[in-house]
Amino acid sequence: MKLSRLLVPTLKEDPADAEVISHKLMLRAGMIRKLTAGIYSYLPLGYRSLRKVEQIVREEMDAAGAQEVFLPVVQPSELWKESGRWDVYGKELLRFKDRHDRECCLGPTHEEVITDLVRREVRSYRDLPINLYQIQTKFRDEIRPRFGLMRGREFIMKDAYSFDATEEGAEESYRQMRVAYEKTFQRCGLEFRAVEADSGPIGGSFSHEFMVLADTGEDTIVSCDCCDYAANLEKAEIRNEPPSFPPSSSTPEKAHTPNVKTVDEVANFLKVSPATIIKTLILRSERGPVVVLLRGDHELNEVKVKNFLNLAEMEMADANLILEVTGGPLGFSGPIGIHNVPVIADHAILTIESAVVGANKADTHLVNVDPRNHFRVDNFGDFRAATEGDLCPRCPGTLRLSKGIEVGHIFKLGVKYSKAMNASFLDPEGKETLMIMGCYGIGVSRVLAAAIEQNHDDDGIIFPPPLAPFTVIITTLGAKSDAINDAAQKVYENLWSANIDTLWDDRNERPGVKFKDADLLGIPFRVTIGQKALAQGNVELRNRQSKETILVRPEDLVSTIVAQIDSWTAGQ
């Protein structure tokens with residue numbers, strides 16, 4: 001392909017509405033264009049890279065024994081009502097009615113559709129296990145789509161679903177998919193980590209997220225500095241640290257704290273550490289109010305609380321509910337004297353020897369409070385977000401925090417959907433038995449954006465060779481020179497003959513413009529053919545990642561590029 005014939009509308013400046021690096025660079029490199037909020041068109045370069053991601057995913061899924069299908073994007077409400085998700089999925093599910101007034105939705109995922117398909121076609125244990133996957137457009141009506149392909153409303157996803165006859169088989173299917181995912185992201189040239197994760201609205205007994213490590217990532221990864229434990233922030237466990245002091249014999253005392261409400265304000269006013277303050281959070285849920293107690297320097301992990309109490313929805317209480325639960329105003333809530341409401345507390349409050357709590361009275365707090373004997377707690381547990389330096393739940397090590405971008409998620413669903421939708425089979429004894437399911441997703445379009453977030457510099461994208469729209473760009477200096485054009489034509493043909501996809505920048509532009517565009521597009525190798533080097537029987541080969549330029553004889557170009565690709569891949 002010659003660049004003069006390719007639709008690559010590059011931009012010199014960052015678009016005003018682009019917030020993250022991948023969004024800026026994909027727009028500037030002419031890879032995507034915005035149609036409307038959270039919905040993008042792929043231009044030739046962007047689509048070439050996208051297809052490369054798809055091909056890697058497809059090859060690894062096929063190698064793992066999965067079979068490709070293609071399912072409808074429009075789904076009837078009846079299936080979602082059968083699974084119980086129609087009314088609980090949220091507003092991200094785009095619902096509509098067709099001309100016959102039948103309720104439908106645009107598929108954000110396909111658990112219901114695939115379960116319906118398999119329950120109709122698979123009836124015997126002899127047909128199991130089976131793993132079906134597709135690569136298809138999904139739609140989730142995000143309230144605030146942002147970051148380009150990172151959080152769009154319409155996106156391309158690979159979703160696979162396994163069906164097994166036994167728990168052992170389901171575990172093996174899950175293991176095979178985890179291995180396939182690791183191979184997929186390795187082949188994409190990405191630095192990533194598999195972390196334990198919460199299953200969220202998909203459901204299931206356990207799951208893992210695959211995170212591309214990037215400083216610009218919006219997800220937090222919690223990992224141990226001694227063992228291989230890793231989890232996302234929602235799931236990360238913290239080892240309980242038992243108190244190292246005896247119970248207090250003191251009595252709580254009132255402290256006048258006029259207009260002092262927040263943890264920092266109380267700490268400054270009473271000249272104590274935030275770690276000695278107990279936050280009393282009043283939460284509203286579908287089963288009534290709940291009280292959660294945290295140390296003042298810690299933050300609530302809502303997912304842990306919802307999972308512990310088996311809640312679907314939860315939010316912070318307003319002033320009226322706080323008054324009803326505590327008898328006091330907003331900003332002065334405390335655990336002493338609370339009745340008839342469940343009270344749960346994070347283990348870490350037991351590390352406070354003498355705590356400060358709200359007195360459930362305006363402008364008043366209590367000091368000298370012992371968390372072990374001065375108020376009621378129904379259950380202690382891990383209800384806070386992990387912080388740097390917390391204790392690892394698996395070993396004596398400590399936890400550290402880093403940033404990442406979720407590109408894949410695998411779930412062990414169990415019988416959540418097969419039970420709700422009666423997806424069963426006949427076992428060897430002829431007994432009706434529920435299929436055990438797994439669900440495995442990869443954000444194909446997000447992989448592309450995440451690769452750019454992880455691989456870029458001030459000049460533009462630095463694509464790993466497996467994902468680059470072209471592996472090599474030929475830059476000719478002197479468009480009117482027959483010798484240069486003849487040499488470029490020969491190099492171009494030789495590279496394509498060696499299955500190295502090559503772009504030829506044949507434009508009548510200044511060298512600086514061509515070099516800048518080559519760097520912006522992120523093509524891994526630039527072959528520059530100019531009069532000076534050609535006169536010596538050489539061309540220049542520049543590695544986009546290392547920025548090293550060497551002189552190479554044209555006949556040695558293919559072997560040199562292949563060797564550098566192998567070296568690049570080995571360095572991942």
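Here is a short dialogue on reading one residue and one sheet in a predicted model.

Biologist: What should I know about the model before I start?

Modeller: It is predicted, so to speak, with these filters: local features need pLDDT of at least 70, side-chain atom pairs count only at pLDDT 80 or more, and totals for chains, interfaces and linings use all residues. Residues are numbered from 1 along each chain as its sequence is written, and side-chain values use heavy atoms, leaving out hydrogens and water.

Biologist: Is His-365 buried or exposed?

Modeller: Buried means under 20% relative accessible area, exposed over 50%, and partly exposed in between (1.4 Å probe, protein chains only). His-365 counts as buried because its relative accessibility is 4%.

Biologist: With which side chain does the side chain of His-365 make a polar contact?

Modeller: A polar contact is a pair of N or O atoms within 3.5 Å; within protein, one must be able to donate a hydrogen and the other to accept it, and residues adjacent in sequence count only if both atoms are side-chain atoms. Here the partner is the side chain of Thr-257, at 2.8 Å.

Biologist: How do strands of a sheet pair?

Modeller: They pair through backbone hydrogen bonds, parallel or antiparallel. Two strands pair if DSSP finds at least two bridges between them; strands are DSSP runs (E, at least two residues), numbered from the N terminus. One open sheet has five strands in the order β28-β27-β29-β30-β31, with mixed pairing. Its edge strands, β28 (502-505) and β31 (549-552), each pair on one side only.

Biologist: In which sense do β30 and β31 pair?

Modeller: Antiparallel, over four bridges. Val-539 stands opposite Val-552 in β31.
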